[in-house]
Amino acid sequence: MKIAVIGGTGLIGSKVVGQLQRLGHQVSALSRGHGVNVLTGVGLSSALTGAEIVINTIDARFPNPSEMSAFFVTAEINISRVNRAVGVTHYIALSVLGADRLALNAYYLAKLMQEDAIRTSGENYTILRSAPFFESLYAIIGDGARSDRLRLPPVHMQAIAADDVADALVCAALGPPFGEIIEVVGPESLRLTDLAAQIMAADEDPRGIVPDGAAEYLGTRLGNEELVSSKPWRIGGTRFEDWLRSSVAAA
Ligand SMILES: NC(=O)c1ccc[n+]([C@@H]2O[C@H](COP(=O)([O-])OP(=O)(O)OC[C@H]3O[C@@H](n4cnc5c(N)ncnc54)[C@H](OP(=O)(O)O)[C@@H]3O)[C@@H](O)[C@H]2O)c1
């Protein structure tokens, strides 16, 4: 099977590429370094010609909310146009759990707009929403670091290992298109404050944690259930404690 992974050099994309190669598929990893720019459309047509399945794991951050939305929506318009032209049979994109609930956050709103662009494109699609990656919790903890006490909202989340997200993406991509949004989460629902405490203990970080319902998560106030899935399609197998132990050992 010929499969293209747009964003195939990123955290999730590179894991997806590796897994598909081990399964014996013919995989191309696409990114700007490979001459493919989803924003301008440059290189997309030739890169996707012959691909049966296209997996989208792109990501980018912009300080300006309208640039953020424009990036994801323009990318989808360009990718969809080429997917249809070259006859892609399954297009699957990675999105974020909570995209529909956190529209006050510019990034989540941009991801929701990306999802809408896919759903209305007429393609045979699957959208896989993932819970926050374990790997991204370090950045979240860094965000709250303004003093020797870290204020974090004690919200529940079903964070997941990037390896498990890549597994789920590969599994969904190799099946028929769902034509809808499906969700993948980690095996436990843990409070952000407890996850942060475990990371800080492992790092011997002396700061204290102050649970604060008014503290922001990635710049946004959260309710308690916005990062929890009520009906996950798949649940990753890696427990946070085991992931943390092995990532500390590997460091
Ligand atoms: N972090 C989380 O906790 C989390 C949770 C749920 C879902 N997600 C979703 O997971 C997805 C993947 O995240 P990730 O952490 O794997 O991303 P990442 O490591 O930042 O990788 C992003 C990829 O996109 C490519 N890219 C960026 N701009 C591009 C452009 N204009 N044209 C072509 N390629 C471009 C990058 O390559 P170049 O820069 O070399 O072009 C890179 O390969 C994102 O869509 C994110 O919304 C993340």
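## Strands 3 and 4

Strand 3 (residues 53-56) and strand 4 (residues 90-96) run parallel and are joined by 4 bridges. V54 sits opposite Y91 of strand 4. Helices (H or I, at least four residues) and strands (E, at least two) are DSSP runs, numbered from the N terminus. Two strands pair if DSSP finds at least two bridges between them.

This is a predicted model: local features need pLDDT of at least 70, side-chain atom pairs count only at pLDDT 80 or more, and totals for chains, interfaces and linings use all residues. Residues are numbered from 1 along each chain as its sequence is written, and side-chain values use heavy atoms, with hydrogens and water left out.

## The sheet

Strands 3 and 4 belong to an open sheet of 7 strands, in the order 2-1-3-4-5-8-11, with parallel pairing. Strand 2 and strand 11 (234-235) are the edges, and each pairs on one side only.

Strand 1 (residues 2-6) is parallel to strand 2 (residues 26-30), with 5 bridges between them. V5 has A29 of strand 2 as its bridge partner. With helix 1 (residues 11-22), these two strands make a right-handed β-α-β unit. Right-handed is set as follows: with the strands pointing away from the viewer, the path from the first strand over the helix to the second runs clockwise.

## Strand 8 and its partners

Strand 8 (residues 181-185) has 4 of its 5 residues buried. Buried means under 20% relative accessible area, exposed over 50%, and partly exposed in between (1.4 Å probe, protein chains only).

Strand 5 (residues 125-130) runs parallel to strand 8, through 4 bridges. Here R129 is partnered by E183. Strand 8 also runs parallel to strand 11, through 2 bridges. There V184 is partnered by R234.

## Nonpolar cores

The largest nonpolar core holds 52 residues, and L137 and M157 touch the most other members. Helix 3 (residues 65-86) gives this core its largest share, 6 residues. A nonpolar core is a set of buried Ala, Val, Leu, Ile, Met, Phe, Trp, Tyr and Cys residues joined through side-chain atoms within 4.5 Å.

Beyond its neighbours within four places in sequence, L137 is in contact (heavy atoms within 4.5 Å) with M157, A159, L192, L195, I199 and F240. Another core lies apart from it, with 28 residues, including L97, V165, A168 and A172.

## Pocket and cavity

The largest pocket encloses about 850 Å³ of space. Its lining counts 38 residues, and I58, D59, A60, R61 and Y107 lie nearest its centre. Helix 1, strand 4, helix 4 (106-119) and helix 5 (137-143) each supply at least two lining residues.

There is 1 cavity of 30 Å³ or more. The largest cavity holds about 30 Å³. F134, M157, Q158, A159, E188, L190 and L195 line this cavity.

Both searches use a 1 Å grid over the protein atoms alone: a cavity is a set of points where a 1.4 Å probe fits but cannot get out, a pocket is an open set with protein on both sides within 12 Å along at least five of seven lines, and lining residues have an atom within 4 Å of a point. Grid points are joined across faces, edges and corners, and a volume is the space filled by probe spheres set on the points.

## T49

T49 lies in the loop between helix 2 (44-48) and strand 3. T49 counts as partly exposed because its relative accessibility is 45%. Outside its neighbours within four places in sequence, T49 is in contact with K2 and V86. The C-alpha atoms of T49 and N83 are 8.5 Å apart, across 34 residues of chain.
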